[in-house]
Amino acid sequence: MSAFFDYIRNITYYLLFAALVGFIAPSGKYKKFVSLVMGLILLVLMIQPLRSFSITDIPVTDWFTGITSQTHISDYTYTTWRDQSLSTAFEAQLTTQVEGLLRGNNIEVHSVSFTYTEDFSRITSVRVRVSREEEVRRVPFIRIEPIQINKDDPPESPLAEEVKNLISGFYNLPLSHIHVEIVT
């Protein structure tokens, strides 16, 4: 019978404490939060005697351990979602930057792809498909010029060199990490 009176006394003391906190707590938006927390603590106090009826004697601190083991799964899911979202946003930003940079120089961008470090701190390479805007809209004119081809190192078109120089200067990348394909 003394356990029952201890139980009632603990709840009474807690209710007095909760009333005191309710008077001291700031009014407005925090009052609801304080009353929610106090209500949850009261609920735990009221459920505590039911623990003695259970077959295993689990301490109150271990009641919610199952929730924390599921949190690791959701942490992994959140991390995967976060990384995919950051990657998508990063690539969209880089694509917009390259398109703006090249469009300002009358170069039309057909596609852009990037490779970068996992922490998004450094771009490792850029692959671009471009064409000169004036050449796309111009009526073709056939002109034959003698061209000397060096089989060891094929010459790049002036447009490819211009695109490489623009991207290299903007992102501080070596020219060898920028791949340009001219669309005709």
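Thr117 is a good place to begin: in this predicted model, Thr117 is buried, with a relative accessible area of 19%. That value counts as buried because the label applies to anything under 20% relative accessible area. You can find Thr117 in the loop between strand 1 (107–116) and strand 2 (123–132). Its side chain is joined to that of Asp119 by a polar contact of 2.7 Å. Leaving aside residues up to four places away in sequence, Thr117 touches Arg122 and Thr124.

Now let us move to the nonpolar interior. In soluble globular proteins, nonpolar side chains tend to be buried together. Here, the largest nonpolar core has 20 residues, and those with the most contacts inside it are Leu102, Phe114, Val126, Val130 and Ile167. Helix 3 (65–103), strand 1, strand 2 and helix 5 (158–171) each supply at least two residues of this core. Try following Leu102 as an example: not counting residues up to four places away in sequence, its contacts are Ile107, Val109, Val128, Val130, Val163, Leu166 and Ile167.

Next come the charged side chains. How many salt bridges does the structure hold? There are 4, and we can visit some of them. One is between Arg132 and Glu162, whose closest N and O atoms are 2.3 Å apart. Arg132 belongs to strand 2 and Glu162 to helix 5, so this pair ties together parts that are 30 residues apart in sequence. Is Arg132 buried or exposed? At 16% relative accessibility, Arg132 counts as buried, while Glu162, at 25%, counts as partly exposed.

Strand 2 also takes part in another salt bridge, between Arg129 and Glu181, with the closest N and O atoms 3.4 Å apart. Since Arg129 lies in strand 2 and Glu181 in strand 3 (residues 178–182), the pair ties together parts that are 52 residues apart in sequence. Both partners are partly exposed: Arg129 has a relative accessible area of 31%, and Glu181 has one of 43%.

For a further salt bridge, look at Asp83 and Arg82, where the closest N and O atoms are 3.3 Å apart. Asp83 is partly exposed at 34% relative accessible area, and Arg82 is partly exposed at 33%.

Finally, let us visit the surface. Phe33, Leu36, Val37, Leu40, Ile41, Leu43, Ile47 and Leu50 form a nonpolar patch there, and together they have about 720 Å² of accessible area. One of these residues, Leu40, sits in helix 2 (residues 29–47). Leu40 is partly exposed, with a relative accessible area of 48%.

Conventions. Residues numbered from 1 in each chain as written. Predicted model: local features only at pLDDT ≥ 70, side-chain atom pairs only at ≥ 80, totals over all residues. Heavy atoms only, no water. Patch = residues over 30% accessible without salt bridge, like charges linked within 9 Å, V, L, I, M, F, W, Y side chains within 5 Å. Areas by Shrake-Rupley, 256 points an atom, 1.4 Å probe, with all protein chains shown as cover. Helix = DSSP H or I, 4+ residues; strand = E, 2+ residues; numbered from the N terminus. Buried < 20%, exposed > 50% of the residue type's maximum accessible area, 1.4 Å probe, protein only. Polar contact = N/O pair within 3.5 Å; in protein donor to acceptor, adjacent residues only side chain to side chain. Contact = heavy atoms within 4.5 Å. Core = buried A, V, L, I, M, F, W, Y, C linked by side-chain atoms within 4.5 Å.
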